[in-house]
Each structure stands twice: as structure tokens, then as C-alpha cells.
Amino acid sequence: MLYSIEPHDRLQESIDNMTDEQLMLSVQQEDGDALGELHRRHSATLRAIIVRVLHNEHSAEDLLQEVFLEVWRLANRYTQEKGKALGWMITLARRRAIDRLRREQAYFRVEERFQRETEHQPESWTHTRVDGDIEIADIRHILATILDSLPVAQKDAVELAYYKGMSQREIATHTHIPLGTIKTRLELGMKKIAIRLKEVLGESALHSVI
């Protein structure tokens, strides 16, 4: 008796036999099954690389999903001339992990400055808080929320300047955007951040955070 292969089975068999590079070409054509196969093959490897940078299992799992979303979103940037598809994904994962680590470290530094200020000037803080006590641990959340509220262009410029330590000229070169535009975006972004922090923390708190 002959058994026919169902269309789905034939498709899966075809995907299983594809190289990573062929799968990336399919992802560029918005083939979700191809992305799923890349995830099946390499998620463990990429996760291990992320953990090595972050040293945090929970954060690594979240970031892994973000990395595969980036693979989907940025697939058209990959070409076989750049090397193996896995190498491209490893580079992407490592960069995103380093970005996340720098961002978390920046938040921790802000939190430490905030804590030192409250220890040295406890009375002044009681008059500048909004709605009573603002927990120190909330500072990172406050900054993240304010950043997320900025227009994307301003948010990107601020993150490159203050989380990656780039100069305005370096940002302009990195993003291929005129220097004057970068200066304007940073000025507008920082002004909005300062206004929002002042609203939430008060005038004296603002100086210790920024």
C-alpha cells in the first residue's frame, strides 16, 4: 500500500533540508515557518550567548524572543556575503545583550545616585516628592517609561548618547543622520525628560538624577 505525503509534511521536510542561509532567504520573503526552523535549530545557542553577557536567566529568555523578532524585522539586512546566517544571528544577539546590559547598568547608576541623595538630605526630599514616598526601586521604571514616551527618533538619540556613550558626531555617523538633526533631537528629548522628571520627583530630586 502506498502512502501519500500530506502537503504540510512535504513542506516540513523541505524546511528541514534547507540550510540556514536558505532559511534566511525565506524569512526575507516573510516565511514564518522558516523563522520557526531557525528558532528550533539555534535558540539554545543564542540563549547561551545572551546568558553569558547578562548572567540572568529570566532576562535572557525575554531578550531571546526580542532577538528573533529582530531577525524577522532585519532579515533583509542579511546577505550571504556577510557570512553564515548563524554568525549574523550570534552577532545580533550579542549586540542586543550588550545594549540591555548597558541600559540596566545605567539605571543602576541612577538609582545609586538617587539613594545617596536621599541619605544625605532626607528632610529636603520630603517636600519634593509627589503623592508621598517614591520608592528608590521605581526610578528605573520611571526613566524607562519617560523614554518610551518620547518620539522614536528622540529616544534613539538619547539612548545612543547616554547608554552607549556616543558623542553627537558619532551618533550622526552611526545613523547617517545630519549632525544638526541629532543635536536637535537630543535637546528636545532631554528637555522632555527633564520636565517629566521634575513633575514626578520635584526640583531638587531632578538635579541628582540627571
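## Salt bridges, to begin with

A salt bridge here means that a side-chain nitrogen of Lys or Arg sits within 4 Å of a carboxyl oxygen of Asp or Glu. Side chains of opposite charge can pair when their charged atoms come close. Keep that rule in mind as you look at this model, which is a predicted one. Go by the rule and you end up with 10 salt bridges.

Some of these pairings join up. Asp20, Glu37, Arg40 and Arg41 are linked in a network of salt bridges. One member of that network, Asp20, also turns up among the buried residues of helix 2.

## The overall picture

Now zoom out. The protein has 11 helices and 0 strands, so if you walk along from the N terminus, the elements read α-α-α-α-α-α-α-α-α-α-α, each one being a DSSP run numbered from that end. There are 210 residues in the protein, and 38% of them count as buried.

What about the outside? The protein exposes about 13,100 Å², with carbon and sulfur atoms supplying 52% of that area. As for links across the chain, take the contacts between residues at least 6 apart in sequence: 57% of them join residues at least 24 apart.

## Helix 2, tucked away

Is helix 2 largely enclosed or largely open? Helix 2 covers residues 20-28, and 7 of its 9 residues are buried, so the rest of the structure largely encloses it. The buried ones are Asp20, Glu21, Leu23, Met24, Ser26, Val27 and Gln28. To count as buried, a residue needs a relative accessible area under 20%.

After helix 2 comes Glu30, and its phi angle is positive, near 65°.

## A bridge between helices 3 and 4

Have a look at Glu61 and Arg47. Their side chains meet in a salt bridge, at 2.6 Å from N to O. Glu61 belongs to helix 4 (residues 57-73) and Arg47 to helix 3 (residues 32-54), so this pair ties together parts that are 14 residues apart in sequence. Glu61 is partly exposed, with a relative accessible area of 35%, and Arg47 is partly exposed too, at 24%.

Asp62 is also found in helix 4. With a relative accessible area of 38%, Asp62 is partly exposed. Measuring from C-alpha to C-alpha in the model, Asp62 and Arg47 are 9.7 Å apart in space, while in sequence they are 15 residues apart.

## A pair inside helix 5

How far apart are the closest N and O atoms of Arg96 and Asp99? They are 3.8 Å apart, and the two residues form a salt bridge. That counts because the rule asks for a nitrogen within 4 Å of a carboxyl oxygen. Both residues lie in helix 5 (residues 85-120), where they are 3 residues apart, about one turn of the helix.

The two partners fall into separate accessibility classes: Arg96 is partly exposed at 24%, whereas Asp99 is buried at 16%. Asp99 lands in the buried class because the cut-off is under 20% relative accessible area.

## One more pair to find

Finally, try Lys155 and Asp148. These two form a salt bridge, and their closest N and O atoms are 2.8 Å apart. Lys155 is partly exposed, with 22% relative accessibility. Asp148 is exposed, its relative accessible area being 52%.

Definitions and conventions: Residues are numbered from 1 along each chain as its sequence is written. This is a predicted model: local features need pLDDT of at least 70, side-chain atom pairs count only at pLDDT 80 or more; totals for chains, interfaces and linings use all residues. Side-chain values use heavy atoms; hydrogens and water are left out. Buried means under 20% relative accessible area, exposed over 50%, partly exposed in between (1.4 Å probe, protein chains only). Helices (H or I, at least four residues) and strands (E, at least two) are DSSP runs, numbered from the N terminus. Contact means heavy atoms within 4.5 Å. Accessible areas come from the Shrake-Rupley method with a 1.4 Å probe; for residues, only the protein chains shown count as cover.
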